[in-house]
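Reader: Hi! I'm in my first year and still learning to read these models. Could you take me slowly through the place where the two chains meet?

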2 protein chains.
Amino acid sequence: MAKRENISMSVIRRLPRYYRFLNQLKNMGVTRISSKELSEKMGSTASQIRQDLNCFGGFGQQGYGYSVEQLCREIGNILGIQNAHKCILIGVGNLGQAIALHLSFETQGFSLIGLFDSDPAKIGTKLHGCEIYSTDILPQFCEEHQPVMAILCVPRAAVPRLSDELYNLGIRSFWNFSHYDIAMKHPDTVVENVHLNDSLMTLCYRISDELLPRKDVIPDPAAEE
Amino acid sequence: MAKRENISMSVIRRLPRYYRFLNQLKNMGVTRISSKELSEKMGSTASQIRQDLNCFGGFGQQGYGYSVEQLCREIGNILGIQNAHKCILIGVGNLGQAIALHLSFETQGFSLIGLFDSDPAKIGTKLHGCEIYSTDILPQFCEEHQPVMAILCVPRAAVPRLSDELYNLGIRSFWNFSHYDIAMKHPDTVVENVHLNDSLMTLCYRISDELLPRKDVIPDPAAEE
C-alpha cells in the first residue's frame with residue numbers, strides 16, 4: 001500500500017470509531033450495511049461516512065451497501081493494525097499498569113516488549129508475566145530491540161529529560177499521558193497525547209455551561225420530563 | 001455569567017490547553033504575554049488565539065498583550081473550575097485507581113464524593129482515605145448526595161445497564177472510559193469519552209503511514225539528519 005497524501009487528521013481520527021462499530025456489527029452477525037444505517041448507529045451522517053471512506057478509494061457498491069466484514073478488514077488494513085510495532089511502556093504506576101494490563105496491543109498494531117520504571121521496589125518484579133526493568137538499561141534495551149514507540153506514564157516533570165533520551169535512542173513515536181508537549185521540541189516525532197486533565201476540564205465547562213441560566217431562551221415545555 | 005451561545009466544541013476543547021500553558025507561565029513568573037509569543041509557545045497561530053479568546057469577549061489590550069494572571073483566571077472562570085460539581089467513580093480497578101489517585105479534581109471543578117465497585121473483595125476497603133462502596137447502594141447514595149457526574153471505569157459490557165441506572169438516578173454527565181456511546185441512547189446527557197483504544201489505533205495509523213514508501217515524493221536532503 002502506498003502512502004496516502006492529504007488525508008486530514010479529522011478523517012483519520014474517525015477511522016478507529018468506524019472500525020469499532022463495524023467490529024461490533026460483525027460480531028452480531030450483520031453481513032451488509034448501508035451508509036445510512038451505519039450513520040444512524042453511529043450518530044453521524046451517511047454523506048460523511050461515504051466521504052470519509054472515499055478518501056481511501058471507496059468500498060461500497062451503489063445500492064448494495066457495504067460488506068461489513070470486508071469494510072472492517074479494509075479499515076483495519078488502513079489503520080495498520082496487522083503490524084506489530086514494537087513499543088515500551090515507561091512508568092508502571094496505576095495508570096501504567098492499567099494500560100499494560102487492559103489494552104490489547106496485539107489487535108491494535110503493537111507489540112509491548114518492555115516495561116520500565118525507576119522505582120527500585122518495582123524493578124525486577126513482574127506484571128502479567130512481564131519483568132519490569134530499570135530505566136537505566138534503556139540504552140542497551142533500545143539498541144538490542146529497536147522499539148519504535150514509547151508509552152509515557154511518568155509524571156510531567158520527568159518527561160522533558162526522558163523524551164530527549166528516548167529521542168536520542170531512536171524512538172520517534174510516543175503515546176503520551178503526561179501534560180508535556182513533546183512535539184514542540186521534537187517536531188519530527190509522531191505523538192498521540194491523552195490529556196486526561198484537559199478532558200476533565202472540558203467536561204467541567206460543559207456541565208457548568210448546562211447549569212447556567214439560559215438568557216433570552218423561552219423554556220420548551222416539551223423538553224421537560 | 002450568562003450562557004454563551006454558539007461557541008464551537010473545537011474552541012472549547014482548546015481552552016484547557018490555554019489554561020495549562022498560562023498556568024505554567026504564571027508559575028514561571030511571566031506576567032504579560034502577546035498572542036504572538038503565546039502562539040509560539042503553544043505551536044498555534046496568534047490569530048487563532050485572538051479569535052478563540054474573542055468568543056468570550058476578548059481580554060487583551062491592543063499592543064500590550066495579555067496579563068498572564070488575569071487571562072489564566074478568566075479562562076479558569078469560563079471553564080467553571082471554581083465549581084465543585086459532585087462526582088462519583090465506578091470501577092476501582094487499575095484505571096479507576098489511577099484516576100482517583102492522580103487527578104486533582106478540586107482544581108478542575110469537581111469534588112469526588114464516592115468510589116464504587118461490584119467486587120466484594122474491594123467493597124469496604126479504602127483508597128487514599130476514601131471508602132469503596134458497593135454499586136448496590138447507588139440508589140440511596142445518589143438520592144442522599146445528588147452527584148451530577150459519574151466517571152465510568154468499568155468494562156464495556158457493564159456500561160449499558162449501569163448508564164441506564166445512573167441516568168434513572170438523575171445523573172446526566174459522564175466521563176466515560178469505556179467504548180460504549182452513552183449519548184446515543186441518552187441524547188440529553190453530557191459525555192466526555194476517553195477512548196484509549198481509538199487513540200492507540202490512531203497512533204498505529206500514523207506510525208504505519210510514516211513507515212510506508214512515499215511515492216512520487218523526492219526526498220528532501222535538508223530534512224535528513
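Author: Here is a walk through that meeting place, with a stop at the sheets afterwards.

First, some ground rules. This is a predicted model, where local features need pLDDT of at least 70, side-chain atom pairs count only at pLDDT 80 or more, and totals for chains, interfaces and linings use all residues. Residues are numbered from 1 along each chain as its sequence is written, chains are lettered from A and ligands numbered from 1 in the order in which they are written, and side-chain values use heavy atoms, with hydrogens and water left out.

Let's start with who takes part. Chain B brings 77 residues to the contact and chain A brings 76 residues, where contact means heavy atoms within 4.5 Å. Together the two chains bury about 6,700 Å², and 61% of that is on carbon and sulfur atoms. Buried area here is the accessible area (1.4 Å probe) that two parts lose on being put together, summed over both.

Now for the charged pairs. Side chains of opposite charge can pair when their charged atoms come close. Eight salt bridges run between chain B and chain A, each being a side-chain nitrogen of Lys or Arg within 4 Å of a carboxyl oxygen of Asp or Glu. One of them links R206(A) to E192(B), at 3.2 Å from N to O. Another salt bridge pairs R20(A) with D198(B), whose closest N and O atoms are 2.8 Å apart. R20(A) sits in helix α1 (residues 9-27) of chain A and D198(B) in helix α9 of chain B, so this pair joins two chains. Helices (H or I, at least four residues) and strands (E, at least two) are DSSP runs, numbered from the N terminus.

What does chain B's side look like? Several elements supply at least two residues each, among them α1 (9-27), β9 (190-193) and α9 (196-211). The largest share, 16 residues, comes from α9(B). Sorted by class, the side of chain B that touches chain A has 41 nonpolar, 17 polar and 19 charged residues. In that sorting, Ala, Val, Leu, Ile, Met, Phe, Trp, Tyr, Cys and Pro count as nonpolar, Asp, Glu, Lys and Arg as charged, and the others, Gly among them, as polar.

How are the two copies arranged? A turn of 180 degrees with 0.0 Å of shift along its axis puts chain B on chain A, at an RMSD of 0.0 Å. That is the relation of a two-fold axis. The superposition is by least squares on the C-alpha atoms of residues with pLDDT of at least 70 in both. The same surface serves both copies, as 99% of the contact residues of chain B recur in chain A.

Last stop: the sheet in chain A. Seven strands make an open sheet with mixed pairing, in the order β5-β6-β4-β3-β7-β8-β9; two strands pair if DSSP finds at least two bridges between them. β5 (126-127) and β9 (190-193) of chain A stand at the edges with a single partner strand each, so one side of each has no neighbour in the sheet. At one edge, β8 (residues 173-176) of chain A pairs with β9(A) in the parallel sense over four bridges, and F174(A) stands opposite V191(A). At the other edge, β5(A) and β6(A) run antiparallel, joined by two bridges, with K126(A) partnered by E131(A). Their hairpin has two residues between the strands, and H128(A) takes a positive phi near 55 degrees there.
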